[in-house]
Amino acid sequence: MDRRVDGFDLARLIARLGPTGHGGHLGLRYRAHGPDWVEIMLAPDPRLMVDAESGVFASGPVVAMMDTAASFAIWARIGAMVPQATLDLRVDYLRPSGPGRTLIGRGECYRVTRNVAFVRGQAHEGDADDPIAHVAGTFMFLDPAPRA
C-alpha cells in the first residue's frame, strides 16, 4: 500500500494552509519536519491562556497543537495528504507551560497500516528534555488504499 505522491512537499502544503481553519485561528505555525515527524509552534496569545494573569496555556490549544502535529507527521511519513480522523489522542500533562513562552509541538508517526496510523509526540518550550506534555494516538484513514 503506497500512498506516496511524487513531488509531495509537506512544508509547502502547510504554508498554503496558512492562517485558515482551526489551526490558523489558533496561530499554529510550521517549524520543521523530517521523514516521519513534524514540529509546529504556538505563540503566546492571551486568548489561549488559562487566564490573562498567569500566561499559562490552557489545555485545549495544547491538545489542538499536538493533534495537528501528529496528523502532519502522518502525511510526512506516507508522503501524501490523505484524509484522516483522530481515533484516540492521549495527552499526559507533565507540568504547566511557563508564562509567555512559545510552545513547540513535535509529532512522530512510527507505524502505518492499511487503515490506521500510530503517532507519539511531545509539547515543550524549546527544551525537549523538559516537556510539558507527552501524547500517543491513533488516526484512521478516511480513504483507505484499495485491496490488492
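Let's start at L28, which touches G23, I40, M41, L42, A64, M65 and T68 once residues up to four places away in sequence are set aside. Keep in mind as you look around that this is a predicted model. L28 lies in strand 1, and with a relative accessible area of 11% it counts as buried, because the cut-off for that label is under 20%. There is also a long-range relationship to pick out here: L28 and I104 are 76 residues apart along the chain, yet their C-alpha atoms are separated by 9.6 Å.

From L28, step across to M65. Leaving out residues up to four places away in sequence, M65 touches L28, I40, L42, L103, I104, G105 and A123. So what does M65 belong to? M65 is one of the residues with the most contacts inside the largest nonpolar core, alongside L42 and I74, and that core has 36 residues. Two or more of its residues come from each of helix 1 (10-17), strand 2 (37-42), helix 3 (59-78), strand 4 (103-112), strand 5 (116-124) and strand 6 (133-141). Of these, helix 3 gives the most, with 12 residues.

Helix 3 turns up again when you move on to the largest pocket, which has a volume of about 420 Å³. Its lining takes in 24 residues, and those nearest its centre are L17, G23, L28, T68 and F72. Our starting residue, L28, is thus on that short list. Helix 1, helix 2 (21-26), strand 1 (28-33), helix 3 and strand 3 (84-93) each give two or more residues to the lining. Which element gives the most to it? Helix 3 does, with six residues. Sorted by class, the lining of the largest pocket has 12 nonpolar, 10 polar and two charged residues.

Back in helix 1, have a look at L13. L13 has a relative accessible area of 14%, so it counts as buried. Beyond its neighbours within four places in sequence, L13 is in contact with F8, W75 and M81. For a sense of distance, pick D92, which is 79 residues from L13 along the chain: the two C-alpha atoms are separated by 29 Å.

Now for W37, which has its place in strand 2. Leaving aside neighbours within four places in sequence, W37 is in contact with A32, A73, A76, R106, G107 and E108. The C-alpha atoms of W37 and Y110 are separated by 8.9 Å, although the two residues are 73 residues apart along the chain.

Two of those W37 contacts, R106 and E108, lead into the charged side of the story. Side chains of opposite charge can pair when their charged atoms come close. How many salt bridges does the structure hold? There are seven. E108 forms one of them with R120, the closest N and O atoms being 3.2 Å apart. E108 lies in strand 4 and R120 in strand 5, so this pair ties together parts that are 12 residues apart in sequence. Both partners count as partly exposed, E108 at 25% relative accessibility and R120 at 39%.

R106, for its part, is linked with R31 and E39 in a network of salt bridges. Within that network, the closest N and O atoms of R31 and E39 are 2.7 Å apart. The two ends of this bridge sit in contrasting surroundings: R31 is partly exposed, with a relative accessible area of 42%, whereas E39 counts as buried at 10%. Another bridge joins the side chains of D45 and R47, at 2.8 Å from N to O. Here D45 counts as buried at 18% relative accessibility, while R47 is exposed, with a relative accessible area of 54%.

Finish the tour at D143, found in the segment after strand 6. Setting aside neighbours within four places in sequence, D143 is in contact with R3, V82 and P83. D143 and R114 are 29 residues apart along the chain, and their C-alpha atoms are separated by 9.9 Å.

Key: Residues numbered from 1 in each chain as written. Predicted model: local features only at pLDDT ≥ 70, side-chain atom pairs only at ≥ 80, totals over all residues. Heavy atoms only, no water. Core = buried A, V, L, I, M, F, W, Y, C linked by side-chain atoms within 4.5 Å. Buried < 20%, exposed > 50% of the residue type's maximum accessible area, 1.4 Å probe, protein only. Helix = DSSP H or I, 4+ residues; strand = E, 2+ residues; numbered from the N terminus. Contact = heavy atoms within 4.5 Å. Salt bridge = Lys/Arg side-chain N within 4 Å of Asp/Glu carboxyl O. 1 Å grid on protein atoms, 1.4 Å probe; cavity = no way out; pocket = protein on both sides within 12 Å on 5 of 7 lines; lining within 4 Å. Points joined across faces, edges and corners; volume = space filled by probe spheres on them. Nonpolar A, V, L, I, M, F, W, Y, C, P; charged D, E, K, R; others polar.
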